[in-house]
Amino acid sequence: LSDIFSCGHTRVEFSSVIIGDHVFVCAGSVVNQGVTIQDHVVIGAQSLVLTDIIDSGFYVGNPLRRVR
């Protein structure tokens with residue numbers, strides 16, 4: 001599901017973010033392109049999600065870590 005666009009001299013690639021059921025992404029958080037977040041996950045405020053999250057729980061911070 002990756003697309004490539006050419007805009008002048010800039011090449012931009014993007015891919016989908018997949019978010020499961022019962023997921024909360026709190027204010028100011030950033031989810032990187034291509035990341036999958038499974039069901040029953042909470043991402044705390046101003047967190048940075050760079051990789052897939054496969055276990056349910058509460059995640060916070062930069063770098064992201066599971067706290068519960």
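Isoleucine 53 touches quite a crowd in this predicted model. Leaving out residues up to four places away in sequence, the contacts of isoleucine 53 are Thr36, Ile37, Gln38, Val41, Ile43, Tyr59 and Leu64. Several of these names come back in the largest nonpolar core, which has eight residues in all: Val23, Val35, Ile37, Val41, Ile43, Val49, Ile53 and Tyr59. That fits a broader habit, as nonpolar side chains in soluble globular proteins tend to be buried together. Across the protein, buried residues account for 22% of the 68 residues.

Threonine 36, one of the contacts of isoleucine 53, sits in strand 6, which covers residues 36-37. Its relative accessible area is 19%, so threonine 36 counts as buried, the cut-off being under 20%. Beyond its neighbours within four places in sequence, threonine 36 is in contact with Ile18 and Asp52 as well as Ile53.

As for the overall layout, the secondary structure is strands and no helices: ten of the former, zero of the latter. Read along the sequence, the pattern is simply β-β-β-β-β-β-β-β-β-β. Contacts also stay fairly local in sequence terms: of those between residues at least 6 apart, 0% join residues at least 24 apart.

Four of the strands come together in an open sheet, ordered 4-7-9-10, with mixed pairing. The edges are taken by strand 4 (23-25) and strand 10 (65-66), each of which pairs on one side only. In general, strands of a sheet pair through backbone hydrogen bonds, and they can do so parallel or antiparallel. Here, strand 7 (residues 41-43) and strand 9 (residues 57-60) run parallel and are joined by three bridges. Within that pairing, valine 42 has phenylalanine 58 of strand 9 as its bridge partner. Strand 9 then pairs with strand 10 in the antiparallel sense, over two bridges, and valine 60 is matched there with arginine 65 of strand 10.

The link from strand 9 to strand 10 deserves a look of its own. The two strands form a hairpin with four residues between them, and glycine 61 in the turn has a positive phi of about 95 degrees. A little further along, the peptide bond from asparagine 62 to proline 63 is cis, with omega near 10 degrees. Proline 63 itself belongs to the loop between strand 9 and strand 10.

At the other edge of the sheet, phenylalanine 24 lies in strand 4. Is this residue buried or exposed? Phenylalanine 24 is exposed, because its relative accessible area is 55% and the cut-off is over 50%. Being exposed does not leave phenylalanine 24 without partners, though: Val41, Val42 and Ile43 are all touched, again not counting residues up to four places away in sequence. The C-alpha atoms of phenylalanine 24 and valine 41 are 6.5 Å apart in space, with the two positions 17 residues apart in sequence terms.

Histidine 22 is found in the loop between strand 3 and strand 4. With 56% relative accessibility, histidine 22 counts as exposed. Its contacts, once residues up to four places away are set aside, are His40 and Val41. Histidine 22 and valine 42 are 20 residues apart along the chain, and their C-alpha atoms are separated by 8.4 Å. The backbone at this spot is a bit unusual to read off a plot: histidine 22 has a positive phi of about 60 degrees although it is not a glycine.

Glutamine 46 is another residue other than glycine with a positive phi, near 55 degrees in this case. Glutamine 46 is placed in the loop between strand 7 and strand 8 (48-49), and at 64% relative accessibility it counts as exposed.

Turning to the surface, the protein exposes about 5000 Å², of which carbon and sulfur atoms supply 53%. Part of the nonpolar surface is gathered in a patch of about 220 Å² made by Val17, Ile19 and Val25. Isoleucine 19, found in strand 3 (residues 18-19), counts as partly exposed at 46% relative accessibility.

Key: Residues numbered from 1 in each chain as written. Predicted model: local features only at pLDDT ≥ 70, side-chain atom pairs only at ≥ 80, totals over all residues. Heavy atoms only, no water. Pairing = 2+ DSSP bridges. Buried < 20%, exposed > 50% of the residue type's maximum accessible area, 1.4 Å probe, protein only. Contact = heavy atoms within 4.5 Å. Core = buried A, V, L, I, M, F, W, Y, C linked by side-chain atoms within 4.5 Å. Areas by Shrake-Rupley, 256 points an atom, 1.4 Å probe, with all protein chains shown as cover. Patch = residues over 30% accessible without salt bridge, like charges linked within 9 Å, V, L, I, M, F, W, Y side chains within 5 Å. Salt bridge = Lys/Arg side-chain N within 4 Å of Asp/Glu carboxyl O.
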